[in-house]
Amino acid sequence: MSSDLDSFHEYLRKSKRILAVCGAGLGASSGLPTFRGAGGMWRQHNAMELATPEAFRNHPGLVWQFYSLRRHYALQAKPNAAHYALAELARRRPNPQFLTLSQNVDGLSNTAGHPGKSIEYMHGSLFRVRCMRSWCRYERDDVMDPITPALKVDEGDVERTVGTDELPRCPECKTGLLRPAVIWFGENLDPQTLKRINQYLSRPYQDPVDLCIVIGTSGTVFPTAGYAGKVKEMGGKVAVVDIDCSVRPEQAKDENFADWLFEGDAAELVPKMLYPIIGDLQIPETPPGNVNSKCCD
């Protein structure tokens, strides 16, 4: 593995098709808590265990309070330089030359103006809601904070009970509660999203993906974690960007897997890595995107 930026730049200039795979580390400089590190606790609850269909069925008020807090934080946050750098790369190398796969649900890539045709939101969006009934197809964008008065964020984060009758209900079927349109543990990814990604990776072999840039993700959640390996199988190269590479899985530390390993804040590293294509990055005072527009299309 190498941390040589010059050799990476040389390969980047020659790359015809590029894939970026992004996780929570992309938004670290935006100040968003991941709820997965440091024990993943929220109040006295394991945040990981709240992100399940079973938790919503059994404790919908608790789960909605957790997601209302996440929505509140995300609406206060601003995209960082890494979001803007990827958005600029997408404008200069539009799909099929470049595609971003984001595991984030915070809407910050959208707010940074990342072109919708050049990004796939693998895990949905905090700012889209849908009916919990499997037979009801109701779904909408929603950026209200709070989505209902009972879910107003308490700055003291005091434990309280929110009744089912105080939660947002589906206006179409009238019987189901609305839930965040995110992919929970135990749920399948959207098959149409997976189909589009596989089509991107499966273009004629004379036009393979040359480079995969893995940014701020542990590389443990599949199928997303496997896409970098597919690029390697096609003869491409992989660059890994992480705030702390010492805690990455063995696969990502394997010198036969990662060709470059850059340790540090993605907001500092990604603009430098993409400089040969995007040049000096201009970050607007007012973000060009808007979470009021669709976050997951």
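**View 1. Arg128 pairs up with Asp141.** At 12% relative accessibility, Arg128 counts as buried. Its partner Asp141 is partly exposed, with a relative accessible area of 25%. In this predicted model, the two side chains meet in a salt bridge, 2.7 Å from N to O. Arg128 sits in strand β6 and Asp141 in strand β7, so this pair ties together parts that are 13 residues apart in sequence.

**View 2. Arg71 reaches Asp142 from helix α4.** Here the closest N and O atoms of the salt bridge are 3.2 Å apart. Arg71 belongs to helix α4, while Asp142 is in the loop between β7 (139-141) and β8, so the contact ties together parts that are 71 residues apart in sequence. Are these two partners buried or exposed? Arg71 is buried, at just 2% relative accessible area, and Asp142 counts as buried too, at 8%. The pair isn't on its own, either: salt bridges with shared partners join Arg71, Arg140 and Asp142 into one network.

**View 3. Helix α4 is mostly covered.** This helix runs over residues 60-76, which makes 17 residues. From the first C-alpha to the last, α4 reaches 24 Å, close to the 24 Å expected at 1.5 Å a residue. Of those 17 residues, 13 are buried, and Arg71 is a buried residue in this helix.

**View 4. Arg57 and Glu54 form a salt bridge inside helix α3.** Both residues lie in the helix spanning 53-58, three residues apart, or about one turn. Their closest N and O atoms are 3.6 Å apart. Arg57 is exposed, with a relative accessible area of 54%, whereas Glu54, at 42%, counts as partly exposed. Side chains of opposite charge can pair when their charged atoms come close. Across the whole structure, a search turns up 12 salt bridges.

**View 5. The second largest pocket draws on two domains.** How much space lies in this pocket? About 690 Å³. The elements giving two or more residues to the lining are β5 (119-121), β6 (124-131), β8 (178-182) and α7 (191-201). There are 28 lining residues, and Arg130, Glu139, Ala181, Ile183 and Asp190 lie nearest the centre. By class, the lining is a mix of 12 nonpolar, six polar and 10 charged residues. At least three lining residues come from each of domain 1 (1-31 + 79-123 + 185-296) and domain 2 (33-76 + 128-182).

Key:
Residues are numbered from 1 along each chain as its sequence is written. This is a predicted model: local features need pLDDT of at least 70, side-chain atom pairs count only at pLDDT 80 or more; totals for chains, interfaces and linings use all residues. Side-chain values use heavy atoms; hydrogens and water are left out. Helices (H or I, at least four residues) and strands (E, at least two) are DSSP runs, numbered from the N terminus. The expected span of a helix is 1.5 Å times one less than its number of residues. Buried means under 20% relative accessible area, exposed over 50%, partly exposed in between (1.4 Å probe, protein chains only). On a 1 Å grid over the protein atoms alone, a cavity is a set of points where a 1.4 Å probe fits but cannot get out, and a pocket is an open set with protein on both sides within 12 Å along at least five of seven lines; lining residues have an atom within 4 Å of a point. Grid points are joined across faces, edges and corners, and a volume is the space filled by probe spheres set on the points. Ala, Val, Leu, Ile, Met, Phe, Trp, Tyr, Cys and Pro count as nonpolar, Asp, Glu, Lys and Arg as charged, and the others, Gly among them, as polar. Domain bounds come from an automatic or database domain assignment. A salt bridge is a side-chain nitrogen of Lys or Arg within 4 Å of a carboxyl oxygen of Asp or Glu.
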